[in-house]
Each structure stands twice: as C-alpha cells, then as structure tokens.
Amino acid sequence: MKHRFGLQRIRLLFQILYTIVTNGYVYGYLQGKIYKGPLKYACVPGLNCYSCPGATFSCPLGALQAALNERQIQIPFGVLGFLFIFGSIFGRFVCGWLCPFGLFQDLLHRIPLFHKRKRLPGHKVLKYGKYLVLVGLVLVGSSVLFTGFAKIPAFCKYLYPSGTLMGAIPLLGVNEQLQSQIGGLFYWKLGILMGLVILSIKIYRPFCQYLCPLGAVYGWFNRFSLVQIHWEQDACISCDACKEACPVNLRPEQISVSAECIKCGKCISVCPTRCLHYGRKPKVEKKHGQVKDMIATKCKMEQNPNRIDKNENQ
Amino acid sequence: MSFWSRTPDKKQKRGYWLPLLMIGIVCLLVGIYQEQLTDIYRKAVMICLECIGIG
C-alpha cells in the first residue's frame, strides 16, 4: 500500500511555523521579559500562554478567564468573537495543525519508549473530562474562586502545564528574583507537566483528549466548520486502514464529525482508495468501481484476505 | 444511554459555518466597540505569576 506521508510532513511544518510565529519572541527568553507590542490585542486560535516570554499574541482562554476575573462580569464579546471565527472556519483543525502544546505532545509520542496506546482505559468516560475542565475551572472557577480579594484564572493556575513549560521554567532560568518565589503551586504544576510528558510518550495527546477546554469548545464547532475531511462512502472498501491510522481511533463515518477528531489527516494519508480528503469535491467520483475492484483484489492478494472476504460476503 | 450512543449518527452540517462566522465577526466588532480588546491587551502584557505556576 502506497502511503501519502507528504501530508503529515506539511502538517509538521505548519505546527512548527505556527509555534515560531506565536512563541518566537527570542528577546523575551534572553531577558526574562515578555512581549508588550500591539500584536497582543489579538488572540490566536490555539492555547498560547501570554505570560510566557516567547508569546507574541494573546490566548483566547486566558482572555476569557481574565474577563471572568473582573468584578463586574460583562459578556466577553471580544473573546467570543475570536472563538466563533476560529471555530467556524477550522474546528479542531486548530488542535491537529496549529497548537504548540499539541506539537509538543506529538513529538513526545514519537519517542520509541513503551508500548504505544491511542487511548486511556475508560476513554468513553474520561473524554468528557475536557468539558468538566471548561465548565468547572474556566467558566465557574474563574468567576467564583478567590485568592485574597482577587479572582483567579483557575484553569491556568491549577492545570495548564504549558505555562510551566514555556513560562515558568525559562523565566526562572534568567530571573533570580522569581526563584525566591517558588512555592507549592510550582511543584504541583511541575508534577502535572511531568505526568503529562510521561503519559504523552505512551498515549496519544492525553491533554488534548481528556483535559483541554479549548478542544472542548472547538469540538462543538467540528461538524459545522468550513475545514472538513470528507468521506466518500461509495469509494470506501471498509479496509479499516483509516481507523488503524487515526490517532484517536475513529471510524470513517465519525471522522471530522466527532468532537474528538483533530483533523490531522492521518486517515487521508493511508486511505488506499482516496475516499477521504480535505475539501468537498470527490476525487474518485468517476472511477469508484474500478478503484474498489483494483484495491480489493490487491488487498486480497497481499495482506488482509479475511477482511476482504468478509466484505464480499456482505 | 441514548445520549452516548447518538454521537456516531451526527453528520457534517455544510453551510452552517458561514452564519457562525458572521456571529463571530459581529461579536468581535461589539468587543472592539466596548474596548474589550484593550482589556485583553492590558492583561496580556503583564506577567501573571499565578498562570505560570509561580505566584
């Protein structure tokens, strides 16, 4: 079977470029300061800790929590605007192709340690964890939890590990004044980060699958968004290659529709009949029958006779 | 249980993205009018020690 790995190379390039654009303020890392230019008026699609020295834009969830931290809570139209715009265009394509913390987990998962698994045991229940985080920590927690007289950004404070990775650790390295302020919270978040690092080597993107509240938001937009992966059912030979390649184990009819699909395109890369594709135009419209026959025969001869026989019997 | 088992039956909704995008643009314009982007900026240019796990 000839795989189209080019798409995954393009995805990796997108992820790296996006990370450089949104977190490439090198001067901040060298001086232990953060960027204060006009780009921070705007939120980017992915999670982006804006207290980190490299951050050049604002984070939609950080901004949402900041709005909920105000004494008199207003409807945060600005943040909602960003979320609706990014969600309606991309859905969870943002998670698969752009998010820097997603890239970090992708790279960790490539480390050849442990037996790889797509999901945690209890996935069917655990996947709702991200909705719990969205409601419990982002919406309710940031509105009602206080430290002294000030409300706190509960998600960033207690859970989000990227702030520790890209903010605390680089800042502590160059800013001695901050080193004296390390307390229990730092070790709590460092523990979460280390736990996720180890888990990411074994499980595919555990933070995205179970904890990310922005993934929960974009998951709702997933089946409405402009960017979609389309499945041409007529051309499908039910070989299950897409399900095996899918990092979150989705069947072809669930791809792009499920809130779990990050639209990474791995299913597209392995589909032998090219019945999965970005965009709307069927690429195999006229030759479905020929392609199906050809592939079915090839599969029967080469690698998966049982499955093809089963399909023929149906 | 029907809630859990209904998920695979969902279908792509073509054309819904445009009204959602319009809602987003309107919300963003209202946010700009209410100077909420300035609030975002004001928060984003200060190091939030709590957010990065130090404070």
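Biologist: Let us start with one ring: what is the relative accessible area of Phe90(A)?
Modeller: In this predicted model, Phe90(A) has a relative accessible area of 22% and is partly exposed. That figure stands above the 20% under which a residue counts as buried.

Biologist: And Phe93(A), buried or exposed?
Modeller: Phe93(A) counts as buried, its relative accessibility being 11%.

Biologist: How many aromatic pairs does the structure hold over all chains?
Modeller: Over all chains there are 20 aromatic pairs. One of them joins Phe14(A) to Trp97(A), with 5.3 Å from centre to centre and 80° between the planes, in an edge-to-face arrangement.

Biologist: Where in the chain do Phe14(A) and Trp97(A) sit?
Modeller: Phe14(A) belongs to helix H1 (residues 6-23) of chain A, and Trp97(A) to helix H5 (residues 93-97) of chain A. The two are 83 residues apart, and their pair links distant parts of the chain.

Biologist: Are those two rings buried or exposed?
Modeller: Phe14(A) is partly exposed at a relative accessible area of 41%, whereas Trp97(A) is buried at 4% relative accessibility.

Biologist: Back to Phe90(A) and Phe93(A): why does their pair count as stacked?
Modeller: The planes of Phe90(A) and Phe93(A) stand at 15°, with the ring centres 5.9 Å apart, so the pair is stacked. The cut-off behind this is that planes under 30 degrees apart count as stacked.

Biologist: Which residues do the ring pairs link into a cluster?
Modeller: The cluster consists of Phe14(A), Phe90(A), Phe93(A), Trp97(A) and Tyr278(A).

Biologist: Changing topic, which residues make the nonpolar surface patch?
Modeller: Val135(A), Leu139(A), Val140(A), Val144(A), Leu145(A), Tyr158(A) and Trp188(A) make a nonpolar surface patch of about 600 Å².

Biologist: Which helix gives the most to it?
Modeller: Helix H8 (residues 129-144) of chain A does, with four residues. Val135(A) is located in helix H8, and at 44% relative accessibility Val135(A) is partly exposed.

Biologist: Now the whole of chain A: how many helices and strands are there?
Modeller: Chain A has 18 helices and four strands. It comprises 314 residues, of which 54% count as buried. Its accessible surface is about 14700 Å², and carbon and sulfur atoms account for 64% of that.

Biologist: What share of the chain A contacts joins residues at least 24 apart?
Modeller: The share is 74%, taken among contacts in chain A between residues at least 6 apart in sequence.

Biologist: What about chain B; how many residues does each chain bring to the contact?
Modeller: Chain A brings 63 residues and chain B brings 40 residues. The area buried between chain A and chain B is about 4300 Å², with 67% given by carbon and sulfur atoms.

Biologist: How many salt bridges cross that interface?
Modeller: There is one salt bridge across the interface of chain A and chain B. Its partners are Glu50(B) and Lys157(A), whose closest N and O atoms are 3.2 Å apart.

Biologist: How many salt bridges are there over all chains?
Modeller: The whole structure has six salt bridges over all chains. Among them is the one between Arg205(A) and Asp106(A), with the closest N and O atoms 2.9 Å apart.

Biologist: Which parts does the pair of Arg205(A) and Asp106(A) tie together?
Modeller: Arg205(A) lies in the loop between helix H12 (184-202) and helix H13 (206-210) of chain A, and Asp106(A) lies in helix H6 (residues 100-109), so the pair ties together parts that are 99 residues apart in sequence. Arg205(A) is buried, with a relative accessible area of 1%, and Asp106(A) is buried at 9%.

Biologist: What does Glu260(A) meet in a salt bridge?
Modeller: Glu260(A) meets Lys130(A), at 3.0 Å from N to O. Since Glu260(A) is in the loop between helix H15 (241-245) and helix H16 (266-270) of chain A and Lys130(A) is in helix H8, the pair ties together parts that are 130 residues apart in sequence. Both Glu260(A) and Lys130(A) are buried.

Biologist: And the one between Arg251(A) and Glu253(A): how far apart are the closest N and O atoms?
Modeller: They are 2.7 Å apart. Arg251(A) is partly exposed, with a relative accessible area of 33%, and Glu253(A) is partly exposed at 31% relative accessibility.

Biologist: Finally, which residues do salt bridges with shared partners join into one network?
Modeller: The network is made of Arg11(A), Asp106(A) and Arg205(A).

How values were computed
Residues numbered from 1 in each chain as written. Chains lettered and ligands numbered in written order. Predicted model: local features only at pLDDT ≥ 70, side-chain atom pairs only at ≥ 80, totals over all residues. Heavy atoms only, no water. Phe/Tyr/Trp six-rings, centres within 6.5 Å; stacked < 30°, edge-to-face > 60°. Buried < 20%, exposed > 50% of the residue type's maximum accessible area, 1.4 Å probe, protein only. Patch = residues over 30% accessible without salt bridge, like charges linked within 9 Å, V, L, I, M, F, W, Y side chains within 5 Å. Areas by Shrake-Rupley, 256 points an atom, 1.4 Å probe, with all protein chains shown as cover. Salt bridge = Lys/Arg side-chain N within 4 Å of Asp/Glu carboxyl O. Contact = heavy atoms within 4.5 Å. Buried area = accessible area lost by both parts, 1.4 Å probe.
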